[in-house]
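Trainee: I am new to this structure and would be grateful for a close look at a single part of it. Please concentrate on the salt bridges, and explain how each partner is placed.

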Amino acid sequence: AMPPAQAPAAVTAPGAGGEKLTMAQLSKFSPEAQTQILGERLYPLIHANQPDRAGKITGMLLERYKNELPALLTLLNQPENLAGKVSEAVAVLDRHYDQAGDA
């Protein structure tokens with residue numbers, strides 16, 4: 001049996017202690033707040049691998065998944081899958097910068 005969910009005290013409450021965030025927790029918030037919560041959780045994970053580009057990559061993922069927040073939440077809870085998406089984002093950024101640099 002699951003204990004009754006506590007009402008979140010603040011926007012940063014869900015999963016703030018390192019436990020997994022769930023869609024049920026997120027669904028209590030507006031879409032904008034959901035995106036912000038996911039971004040706040042993603043950023044440190046991405047920063048661990050890509051400190052120079054963490055903000056940009058976090059923004060790219062949030063934009064890509066803005067209509068699929070459950071998929072983004074799944075990524076957040078699966079570090080190996082998240083690492084793959086981060087690698088893809090880095091490749092996109094590298095291509096973009098190479099083109100910009102050669103133009």
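Mentor: A term is needed before the pairs can be described: a residue counts as buried under 20% relative accessible area, as exposed over 50%, and as partly exposed in between. The model discussed here is predicted. Its chain has five helices and zero strands, and 28% of the 103 residues count as buried.

A salt bridge requires a side-chain nitrogen of Lys or Arg within 4 Å of a carboxyl oxygen of Asp or Glu. By this rule, the count is four.

Let us begin with Glu88 and Arg64, whose closest N and O atoms are 3.4 Å apart, so the pair satisfies the 4 Å limit. Glu88 belongs to helix H5 and Arg64 to helix H3, and the pair therefore ties together parts that are 24 residues apart in sequence. Glu88 has a relative accessible area of 38%, which makes it partly exposed. Arg64 is likewise partly exposed, because its value of 44% falls between the limits of 20% and 50%. The pair also belongs to something wider: salt bridges with shared partners join Arg64, Lys85 and Glu88 into one network.

A further salt bridge links Arg53 with Asp94, with 2.9 Å between the closest N and O atoms. Arg53 is in the loop between H2 and helix H3 (54-64), whereas Asp94 is in helix H5 (residues 79-102), so this pair ties together parts that are 41 residues apart in sequence. At 21% relative accessible area, Arg53 is partly exposed, and since buried means under 20%, this residue does not count as buried. Asp94, with 33% relative accessibility, also counts as partly exposed.

Lys66 and Glu63 form another salt bridge, and their closest N and O atoms are 2.5 Å apart. Lys66 is partly exposed at 44%. Glu63 is partly exposed at 48%, a value that is not over 50%, and therefore Glu63 does not count as exposed.

The pairs can also be set against the contacts of the whole chain. Among contacts between residues at least 6 apart in sequence, 50% join residues at least 24 apart. The Glu88 and Arg64 pair, at 24 residues apart, therefore meets that separation, as does the pair of Arg53 and Asp94, at 41 residues apart.

Definitions and conventions
Residues numbered from 1 in each chain as written. Predicted model: local features only at pLDDT ≥ 70, side-chain atom pairs only at ≥ 80, totals over all residues. Heavy atoms only, no water. Helix = DSSP H or I, 4+ residues; strand = E, 2+ residues; numbered from the N terminus. Buried < 20%, exposed > 50% of the residue type's maximum accessible area, 1.4 Å probe, protein only. Contact = heavy atoms within 4.5 Å.
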